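The following report goes through a helix pair, one residue and the contacts between chains, and is best read with the structure open alongside.

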Amino acid sequence: MKSNWWKILGILILIYTVIVGMSVPLKPGIERADSISMGSNGNNASSISSGENHVIKVIGYNTNYKDNTNKAWLRLDTIGAVAATKFETISETEANVHFTIPTIFPARDTFQLLSMVIYNKEDGPSILPDAFSIRTNQRSNSNLTEWTVDPITNITDKPGMQFPYRSVLNETIRNTFFHIPLWFSMFILLLISIIYSGKYLKNNNIKDDIIASSLVNVAVLFGILGIITGSIWARFTWGTFWTTDVKLNMSTVAMLIYVASLILRSSINDVDRRAKLSASYNIFAFAALIPLVFVIPRLTDSLHPGNGGNPALGGEDMENTLRMVFYPAIIGFTLLGLWMTSILIRYESLKDRWLSRK
Amino acid sequence: MKKYTPFLTILSLLLFSSSSLQAESPAIDFLRSTGKIYSVIAVIVVIILGIAFFLYRIDNKLTKLENKINNEQ
Amino acid sequence: MNISHIVAIIKKDFDIEVRQRYAIAGIFLFAVTTAYFIYKAFNNLSGLEWNILVWIIVLFAGLNAIVKSFVQERKETYLYYYSLFGPLEVIVAKLIYNYLFTIFLTFVVIFVFTILFGNPVKDYTLFLKGLFLGTLGISSVFTFVSSVSGAGSSSGTMMSILSLPLVLPSVLLMERITAVAMRLITDTAIAKDLYILASIDLLIIGMVIFIFPSLWKA
């Protein structure tokens with residue numbers, strides 16, 4: 001019982017991950033916002049120009065628009081925001097918002113991006129970043145008073161713990177607790193395995209080889225699960241099961257390297273030589289893995305955060321509420337992996353003892 | 001390689017069946033409903049299946065080893 | 001570590017290569033035949049295809065060539081080596097020899113391609129830099145894997161399964177650098193790619209030298 005505490009801890013953490021990760025609600029958010037009015041020049045929706053009246057149809061997620069304290073703004077970065085002239089509630093998640101777009105925009109590009117902010121007492125603030133691209137006819141750095149008449153003030157957050165809302169991710173943001181920790185714990189397991197491989201090369205103790213190879217076995221299982229779960233996640237956010245995304249393909253190559261090492265093991269019958277070769281290949285493969293997974297994806301465009309110039313996990317992508325589940329999930333999956341490894345190790349050493357007795 | 005055969009079969013079946021799921025098919029629509037929450041459940045199910053597969057494999061191996069040891073005695 | 005020993009091993013390898021003319025001829029014949037095959041199939045190659053096909057042929061011809069650097073030697077030869085040289089000398093000599101061989105092979109393939117399809121390279125310094133760094137990575141991975149799989153059985157397939165995923169980063173980076181040298185893509189930060197390729201090479205060579213002595217005892 002005493003030596004089993006870490007297994008129980010791992011399972012408890014995983015239970016915590018599943019329960020909290022699945023039951024905490026998402027923040028209310030704006031799923032989409034489209035202009036449904038015809039502009040004065042006869043153009044509709046997609047091209048909005050400055051100085052026009054617009055009705056914007058908003059579809060919310062988890063929102064309570066029937067709460068009658070609704071307010072809406074269109075926000076221009078660093079300058080200010082314009083408030084809605086009228087907020088018509090259709091249902092809890094649908095509303096028509098009327099705006100008068102200001103005539104004068106600051107002296108920047110012809111097209112400028114506006115974010116949409118909706119606030120009510122029940123939901124707290126919800127934001128749709130870069131909701132509209134507006135063609136600006138008049139640009140100047142003075143006379144920007146229209147932007148500061150009705151600033152975004154008196155805002156209080158919705159109480160309680162919520163996960164952030166992202167418009168394409170929706171509920172799949174919860175995959176952060178299942179897909180990413182698989183990769184992290186795979187790396188931890190591989191790291192431990194090269195330590196044991198090094199130990200084997202130093203001492204030639206067959207026990208170390210058994211530990212290292214069992215760790216690689218479980219890590220490969222985690223890696224394959226990581227690829228499958230990532231592929232499912234991609235289907236519902238990026239639209240296909242498989243993309244040309246570098247990180248995806250590099251992780252596949254990494255898996256190929258390690259599956260090859262398992263094949264190498266099974267192709268050699270002599271115990272000592274097998275141990276020696278697979279230990280050296282294991283160390284070499286881990287060294288080759290570093291450029292594969294950490295260097296090359298950062299150079300090329302990628303849809304993953306932390307690659308192709310995107311910010312790494314952190315900043316906007318990881319909020320504190322996510323971290324509260326994400327970090328424990330890594331520990332939980334690693335402990336589970338170690339438990340699985342310990343069973344494999346016990347099987348392999350039993351087999352080894354039986355073979356050597358024969 | 002032989003020990004991976006059942007796993008690879010399941011994987012290829014999954015991939016084949018998924019390629020027949022077009023964007024408009026009912027299965028995908030179901031997984032998409034309620035803010036795509038069912039795709040998260042699909043991910044959890046895959047992880048549980050993977051661990052179950054691991055347990056199944058080691059169970060089989062142990063049975064074989066037990067039989068060998070028992071036959072010897 | 002003794003420079004004269006290293007030179008002696010390289011010279012011995014070269015002598016064997018020249019004496020067993022069929023092996024080296026086979027590899028060059030493989031390269032030329034493949035190139036000719038592509039010539040008959042495509043008639044005309046765009047720069048992009050030229051780039052990719054050259055490296056694929058170099059990759060597979062190099063694989064075939066380097067497999068035998070450990071595989072083809074008999075147990076007695078190993079024992080003889082073991083009594084004469086240290087493991088460091090053997091692996092450094094093998095690395096140098098295989099590197100030179102791969103570069104020679106690459107130039108032969110490029111020569112054949114230039115005759116058949118013309119040469120789309122615009123920036124020769126960048127192309128050569130990419131070539132020298134990339135082949136260094138490829139040949140040292142192949143050397144290491146052949147030393148691993150040479151001790152195992154069924155080395156031919158084993159070798160390609162083990163080494164192809166491992167050389168992928170070097171090959172991709174090299175292909176990118178040479179594509180820039182052919183003006184197929186523009187990249188102002190290509191110097192960074194060169195540094196990364198060089199550091200991958202250093203990492204690989206460092207690992208080979210670090211691990212090989214413990215392999216050698218087996």
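In this predicted model, helix H2 of chain C, covering residues 21-42, and helix H5 of chain C, covering residues 87-117, have axes that come within 10 Å of each other and cross at roughly 25°. Angles under 35 degrees count as roughly parallel, and H2(C) and H5(C) are therefore described as roughly parallel to each other. The crossing in which H2(C) passes H5(C) is right-handed. On the H2(C) side the contact is made by C:Ile27, C:Phe28, C:Ala31, C:Val32, C:Ala35 and C:Tyr39, while H5(C) contributes C:Leu105, C:Val108, C:Val109, C:Val112, C:Phe113, C:Leu116 and C:Phe117. By class, the residues of this contact are 13 nonpolar, with no polar and no charged residues among them.

Turning to chain A, is A:Tyr258 buried or exposed? A:Tyr258 is placed in helix H4 of chain A, which runs over residues 246-267. A residue counts as buried if 20 or more other C-beta atoms lie within 10 Å of its own, and A:Tyr258, which has 24 C-beta neighbours inside 10 Å, is therefore buried. When its neighbours within four places in sequence are left aside, A:Tyr258 is in contact with A:Val216, A:Ala219, A:Val220, A:Gly223 and A:Ala285. A:Asn70 lies 188 residues from A:Tyr258 along the chain, and the C-alpha atoms of these two residues are separated by 55 Å.

The contacts that chain A makes with chains B and C can be taken in turn. Between chains B and A, 21 residues of chain B are in contact with 24 residues of chain A. Helix H2 of chain B, residues 26-72, gives the most to the side of chain B that touches chain A, with 19 residues.

The contact between chains C and A takes 22 residues from each of the two chains. On the side of chain C that touches chain A, at least two residues are supplied by each of helix H6 (124-151), helix H7 (155-181) and helix H8 (190-216) of chain C. The largest share of that side, eight residues, comes from H7(C).

The table sets out the residue classes on the two sides that touch chain A.

| Side touching chain A | Nonpolar | Polar | Charged |
|---|---|---|---|
| Chain B | 14 residues | four residues | three residues |
| Chain C | 18 residues | four residues | no residues |

Thus the side of chain B that touches chain A includes three charged residues, whereas the side of chain C that touches chain A has no charged residues.

Key
Residues are numbered from 1 along each chain as its sequence is written. Chains are lettered from A and ligands numbered from 1 in the order in which they are written. This is a predicted model: local features need pLDDT of at least 70, side-chain atom pairs count only at pLDDT 80 or more; totals for chains, interfaces and linings use all residues. Axes are lines fitted to C-alpha atoms, for helices over the stretch in contact, and angles run from 0 to 180 degrees between N-to-C directions. Helices (H or I, at least four residues) and strands (E, at least two) are DSSP runs, numbered from the N terminus. Angles under 35 degrees count as roughly parallel, over 145 as roughly antiparallel, 65 to 115 as roughly perpendicular and the rest as oblique. A crossing is left-handed if the near helix is turned anticlockwise from the far one by less than a right angle, and right-handed if clockwise. Two residues are in contact if their C-beta atoms, placed from the backbone, lie within 7 Å. Ala, Val, Leu, Ile, Met, Phe, Trp, Tyr, Cys and Pro count as nonpolar, Asp, Glu, Lys and Arg as charged, and the others, Gly among them, as polar. A residue is buried if 20 or more other C-beta atoms lie within 10 Å of its own, exposed if 12 or fewer, and partly exposed in between; C-beta atoms are placed from the backbone.
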